[in-house]
Amino acid sequence: MKKFILWTCAIVMVACTTTRKQSELTASGLKQSDFQTEVDGKRTDLFVLKNKNNMEVCITNFGGRIVSVMVPDKEGTMRDVVLGFDSIQDYIKYPSDFGATIGRYANRINQGRFTLDGVQYQLPQNNYGHCLHGGPKGFQYRVFDGVQKSDRELELTYLAKDGEEGFPGNLSCKVVMKLTDDNAIHIEYNAETDKPTIVNMTNHSYFNLDGNPIEDNFDYLLTVDADYYTPVDSTFMTNGELASVTGTPMDFRTPVTIGSRINRDFEQLKNGNGIDHNWVLNTKGDMTRPCATLESPATGIILDVFTDEPGIQVYCGNFLDGTVTGKKGIVYNFRAAVCLETDKYPDTPNKPEWPSAVLRPGEKYHTQCIYKFSVCK
């Protein structure tokens, strides 16, 4: 009898251990322990949001990154529709903007210089001589403090110190990510400063609506509610012009496949190595109107984007080159995803005629973006 009891206990222990190991995995196949480490003296972790429809969003406080998004396709099969890595170590090993909260200033600042109240500031020049996405150690490489408010809400906070990456002012930031029951990720950005500074935050998720990054984005239908865009030179820098999309491959006011436009013989597409441009939104801050829509005919998954920002940067993965292996050992090839980054126009601090990115003491920076998923019936 004693042997039988011991044998039974052993089976129960094995079963419990197996169950515990299985329960560590998220629906997207991530293991929380692979995200629990220490970076720059701060603890990192993986936070999981779920709604009543079994949609799952996994976020790490390393860079405020969306790591995975599980949504149903037209057949009801759950698919992970964003690119990313299986562990914090991979995010460190392969520098990228996958899923990241970008700041202080998303997009590019010309030659990394801007003048505010008569003082010129020099930022890092980490992209074709310009400052891109806050510099080589922007917010995407910082550890936020993460507090999960509920199974559907995560609050991330970070203090960017005066002089960090050359930016003035101690900037207290708060990013709130909420998962709603209509399958939307609602992101709110808030910030306050103790000195005049510039702020322009966004999310840099790489969306692959096939849930299969082996496939490219050519068949995706893209719609952008914009009559104008901001042209760029060969270094991806804007010149201050607002160019009409009419009669050009940049016209996405009605749904058009990306593949039918992206390789056209058009100077802007050559300068951008494809689509990597900012559009001037017609929505003008109206959060009830989608500013952009992306759809995969293969899976029927639709992504509508809403924002109160004046612009959206559409980037089609033109610099993915097959050298990076992401989640589940999948190689991320050329144009395997689409980024839809809601923000101010590029180089706004040097173009006073454009919507201002200046934040002063006593003011509150607040902006929001919604990524809402549905399926084509």
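Here are some worked exercises on the structure above, which is a predicted model.

**Exercise 1. Work out which strands sit at the edges of the open sheet of nine strands.**

Step 1: Write down the strand order. For this open sheet, that's 12-13-14-15-29-25-24-19-22, with antiparallel pairing.

Step 2: Look for strands that pair on one side only. Those are strand 12 (145–150) and strand 22 (256–257), the edge strands.

Step 3: Zoom in on one pairing. Strand 14 (residues 171–179) and strand 15 (residues 184–193) run antiparallel and share nine bridges. If you want one bridge to find on screen, take K178, whose partner in strand 15 is H186.

**Exercise 2. Find which residues touch the most other members of the largest nonpolar core.**

Step 1: Start with the core itself, which has 61 residues; W279 and F373 are the ones touching the most other members. Strand 14 gives this core its largest share, five residues.

Step 2: Don't mix it up with another core lying apart from it, made of 21 residues, including L30, L83, I88 and V143.

Step 3: Now list what W279 touches, skipping residues up to four places away in sequence. Among its contacts are V224, A226, Y228 and Y229, plus V245, M250 and F252. P310, G311, I312 and V314 are on the W279 list too.

**Exercise 3. Decide whether strand 26 is mostly covered or uncovered, and place it among its partners.**

Step 1: Count the buried residues. Strand 26 (residues 311–315) has five of its five residues buried, so it is mostly covered.

Step 2: Sort the side chains by direction. In a regular strand, side chains alternate between the two faces of the sheet. Here, G311, Q313 and Y315 point one way, I312 and V314 point the other way, and all are buried.

Step 3: Find the partners. Strand 23 (residues 276–281) runs antiparallel to strand 26 and is joined to it by five bridges. Strand 27 (residues 338–343) is also antiparallel to strand 26, again with five bridges.

Step 4: Use Q313 as your landmark. Q313 is the bridge partner of N278, and in strand 27 the partner of Q313 is E341.

**Exercise 4. Classify I312 as buried or exposed, then list what it contacts.**

Step 1: Locate I312, which is found in strand 26.

Step 2: Check the accessibility. The relative accessible area of I312 is 0%, so it counts as buried, the cut-off being under 20%.

Step 3: Go through the contacts, leaving aside neighbours within four places in sequence. I312 is in contact with V224, H277, N278, W279, L281, C291, A292, V305, L340, E341 and T342.

Step 4: Pick V224 from that list. I312 and V224 are 88 residues apart in sequence, but their C-alpha atoms are 8.7 Å apart in space.

**Exercise 5. Trace the salt bridges of D225, D227 and D251.**

Step 1: Get the total, which is 16 salt bridges in the structure.

Step 2: Take D225. Its salt-bridge partner is R289, with the closest N and O atoms 2.5 Å apart. D225 lies in the loop between strand 19 (221–224) and strand 20 (226–230), and R289 in the loop between strand 23 and strand 24 (292–295), so the pair ties together parts that are 64 residues apart in sequence. R289 is partly exposed, at 33% relative accessible area.

Step 3: Move on to D227, which pairs with R253 at 3.0 Å between the closest N and O atoms. This links distant parts of the chain, 26 residues apart: D227 is in strand 20, and R253 is in the loop between strand 21 (243–244) and strand 22. D227 counts as partly exposed at 26% relative accessibility, and R253 as partly exposed at 33%.

Step 4: Follow R253 to D251, another salt bridge, with the closest N and O atoms 2.8 Å apart. D251 counts as buried because its relative accessibility is 17%, and the cut-off is under 20%.

Step 5: Elsewhere, look up D151, R152 and D181, which salt bridges link in a network.

**Exercise 6. Identify the covered and uncovered faces of strand 9, then inspect its hairpin.**

Step 1: Split strand 9 (residues 113–116) by face. F114 and L116 make up the covered face, while R113 and T115 make up the uncovered one.

Step 2: Add strand 10 (residues 119–122), which pairs with strand 9 in the antiparallel sense over four bridges. F114 has Y121 as its bridge partner in strand 10.

Step 3: Check the turn. The hairpin has two residues between the strands, and D117 takes a positive phi near 55 degrees.

Key. Residues numbered from 1 in each chain as written. Predicted model: local features only at pLDDT ≥ 70, side-chain atom pairs only at ≥ 80, totals over all residues. Heavy atoms only, no water. Pairing = 2+ DSSP bridges. Core = buried A, V, L, I, M, F, W, Y, C linked by side-chain atoms within 4.5 Å. Buried < 20%, exposed > 50% of the residue type's maximum accessible area, 1.4 Å probe, protein only. Contact = heavy atoms within 4.5 Å. Salt bridge = Lys/Arg side-chain N within 4 Å of Asp/Glu carboxyl O.
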